[in-house]
Amino acid sequence: MAKTKICYISPLSIHSYRWMEAFHQRGYIVYLITQSSCWVAPEPKFIPVFRLQAPSRTKRHVIPNMLRTVRILKEINPDLVHLHVDHQYSLANVLSGVPFVLTSWGLEVQTLPHANFIQKSLARIAATKACAVTVDAKCLQEIWVKMGIP
């Protein structure tokens, strides 16, 4: 029987590191797609890491990174994507057709009520197309609910 493949799209943090490590230890095949250039956690030597272009103030990285993310997802063909924080890459998940879970950490949700139309739309797409949305605080859940996400 083939092992389940999970691809994380996430900043390089201790939060995502712990998720990846836990699933890797349980026998899953784990991948990481990230646009972060520095580690805020131990570098996961146990999984393949696909690096995207680093963020810039001009946001020129967003479309090339989305297209590259779609290509990577088609190449590795994961069974599930676990999207952390980066709503801008939710469209890549939708285009790839791979089911995904969205985990919101905080600031990206707390700023949504004041975000521009595009940011709100991408976040709404992420939340409505996700198989599940997880949050770590009731105040984040309340923001999603106010945006029409059950």
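# Exercises on a predicted model

S96 is found in helix 3, which spans residues 90-96. Keep in mind as you work that this is a predicted model.

## Exercise 1: the surroundings of S96

Decide whether S96 is buried or exposed, and find what its side chain reaches.

Step 1. Begin with the relative accessible area, which is 14% for S96. Buried means under 20%, so S96 is buried.

Step 2. Now follow the side chain. It reaches the backbone oxygen of N93 at 2.8 Å.

Step 3. Look for another polar partner. A polar atom of the S96 side chain lies 3.2 Å from the backbone nitrogen of V98. A polar contact needs N or O atoms within 3.5 Å, and the distances of 2.8 Å and 3.2 Å both meet that cut-off.

Step 4. Finally, leave out residues up to four places away in sequence: S96 then touches L73 and K74.

## Exercise 2: reading the sheet

Work out the strand order of the open sheet and name its edge strands.

Step 1. Write down the order of the six strands: 3-2-1-4-5-6, with parallel pairing.

Step 2. Look at the two ends of that order. Strand 3 (49-51) and strand 6 (132-135) are the edge strands, and each pairs on one side only.

Step 3. Add the twist: on average, neighbouring strands of this sheet are turned by 20° against each other, direction ignored.

Step 4. Zoom in on one pairing. Strand 1 (residues 5-9) and strand 2 (residues 29-34) run parallel and are joined by five bridges. For I9, the bridge partner in strand 2 is I33.

## Exercise 3: sorting aromatic pairs

Classify the pairs Y17 with F46 and Y31 with F50.

Step 1. Choose what to compare. A pair of aromatic rings is described by the distance of the centres and the angle of the planes.

Step 2. Set the scene: a search of the whole structure finds four aromatic pairs. In one of them, Y17 and F46 are 5.8 Å apart centre to centre, with 70° between the planes. Angles over 60 degrees count as edge-to-face, and that is the class of this pair.

Step 3. Place these residues in the chain. Y17 sits in helix 1 (residues 14-25) and F46 in the loop between strand 2 and strand 3, 29 residues apart. Y17 is buried at 12% relative accessible area, whereas F46 is partly exposed at 26%.

Step 4. Turn to Y31 and F50. Their ring centres are 6.4 Å apart and their planes meet at 40°, so this pair is tilted. Y31 belongs to strand 2 and F50 to strand 3, 19 residues apart. Both residues are buried.

Step 5. Note a cluster as well: W19, F23 and Y28 form one aromatic cluster.

## Exercise 4: the two sides of helix 6

Find which residues of helix 6 are buried and what they pack against.

Step 1. Locate the helix. Helix 6 (residues 138-146) lies across strand 5 (100-104) and strand 6, and runs at about 140° to strand 6.

Step 2. Pick out the buried residues: L140, I143 and W144. They cover an arc of only 100° around the axis, so they are on the same side of helix 6.

Step 3. Check the other side, where K138 and K146 are exposed.

Step 4. List the packing partners. The buried residues of helix 6 pack against strand 5, helix 4 (107-110), helix 5 (117-129) and strand 6.

Step 5. See what comes next: G148 follows helix 6, and its phi is positive, near 90°.

Definitions and conventions: Residues are numbered from 1 along each chain as its sequence is written. This is a predicted model: local features need pLDDT of at least 70, side-chain atom pairs count only at pLDDT 80 or more; totals for chains, interfaces and linings use all residues. Side-chain values use heavy atoms; hydrogens and water are left out. Two strands pair if DSSP finds at least two bridges between them. Helices (H or I, at least four residues) and strands (E, at least two) are DSSP runs, numbered from the N terminus. Axes are lines fitted to C-alpha atoms, for helices over the stretch in contact, and angles run from 0 to 180 degrees between N-to-C directions. Contact means heavy atoms within 4.5 Å. Buried means under 20% relative accessible area, exposed over 50%, partly exposed in between (1.4 Å probe, protein chains only). A polar contact is a pair of N or O atoms within 3.5 Å; within protein, one must be able to donate a hydrogen and the other to accept it, and residues adjacent in sequence count only if both atoms are side-chain atoms. Rings of Phe, Tyr and Trp (its six-membered ring) pair if their centres lie within 6.5 Å; planes under 30 degrees apart count as stacked, over 60 as edge-to-face and the rest as tilted. The arc is that of the directions from the helix axis to the C-beta atoms.
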